[in-house]
Amino acid sequence: MGGALLQATGSVTSVLRRTFQILSGVGEKTEQKLWQRGITTWSDLREAGDDRLPGRVQRRREAHEDQLAMAEHHLADDHTAPFDRWLPDREIWRILQEAGDRVMYLDIETTGLSYPEGRATVVGAHTDAEGTQLLVRGQDLSSRAVQDLIDDAACLVTFNGRRFDVPWLEREFDVSVDVPNVDLMYAFRRLDITGGLKSIEKQLGLDRGEEIDDVGGYEAVKLWRRWERGNHDALERLLTYNEADVVNMQPLADIAYERLKAEVYDPHEPDDPQAQQAEIPVEDAG
DNA sequence: CGCAGGACAGAGTAATTCAG
DNA sequence: CTGAATTACTCTGTCCTGCG
């Protein structure tokens, strides 16, 4: 695999640093056009002559330079938060690789679906750096603890968390969540993989321990009630369940990232004279 | 069971391309 | 070059989803 090393230059640059949709007036199509013309990184864009750029990009050059400088600046400081606002929602997954081991997989259990009748019972988080932390109501679950947890993250990964977990935490614990949130539900929906977390795990062949295979969301509510009535095992089971959720989200996120990258970026890779891919159709009419 | 917000469709506007 | 046709982007409004 001698030659692969040279080509690997391309894959070292994360998708986020190939992303032009953070720029004004640049959407999906314009970004693809840039990629196909061999302008694949931010520095490519800065160095490209006007003759290689679509008109709408030429005309916005000054604004784009400011926007790129801003993006570089935030990235250098590990501030991924602004990208959550700059990127169209469907592309927020591109932040994932940038956050490295500060990606936090987050999942909460509650006593029901609606607030404020329901209350959070377990807040579970998993990171490569810290492992799994489970905050339990009545023990170590507090606004402070939740805020500390979130402040450590450069990026959250949740399942339906944009609509459930994160707004819930913001309301019940009055925390501010100033980090991007990659919601795997939407990432997978984009890959035509639909269903709940457990269903998707199954579809992808990920197995959780069989002793909690049958635990669903509503079961988590009942487990908490049993624990409140004095059943110690019920809490153990609930915690095992929550931990499985946050731990399993990591491979899910990896799969989603790789597949989305393959779907979104790879088909628009520029023709590389060193890597003659015979199957790239040449259909450029201009 | 309630909900925020994502997908999708349609309309309106701006930019780009193309024929002549 | 010009005007028309095409393409891209943005905004608004509906519908629908999976969370415990």
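This passage describes the overall make-up and the nonpolar cores of a predicted model. Residues are numbered from 1 along each chain as its sequence is written, and chains are lettered from A in the order in which they are written. Local features need pLDDT of at least 70, side-chain atom pairs count only at pLDDT 80 or more, and totals for chains use all residues, while side-chain values use heavy atoms, with hydrogens and water left out.

Chain A holds 12 helices and five strands, taken as DSSP runs (helices H or I, at least four residues; strands E, at least two) and numbered from the N terminus. Of its 286 residues, 46% are buried, that is, under 20% relative accessible area with a 1.4 Å probe, protein chains only. About 14,900 Å² of chain A is exposed, with 45% supplied by carbon and sulfur atoms (Shrake-Rupley method, 1.4 Å probe).

Turning to the interior, the largest nonpolar core has 49 residues; such a core is a set of buried Ala, Val, Leu, Ile, Met, Phe, Trp, Tyr and Cys residues joined through side-chain atoms within 4.5 Å. Elements giving two or more residues to this core include α2 (28–36), α5 (61–76), β1 (103–110) and α12 (232–264), and α12 provides the largest share, eight residues. At least three residues come from each of domain 1 (15–77) and domain 2 (99–261), with bounds from an automatic or database domain assignment.

Phe-83 is among the residues with the most contacts inside this core. Beyond its neighbours within four places in sequence, Phe-83 is in contact (heavy atoms within 4.5 Å) with residues including Leu-16, Trp-42, His-74 and Ile-95. A second, separate core of 22 residues includes Leu-106, Leu-156, Phe-173 and Val-177.

Key:
Buried < 20%, exposed > 50% of the residue type's maximum accessible area, 1.4 Å probe, protein only.
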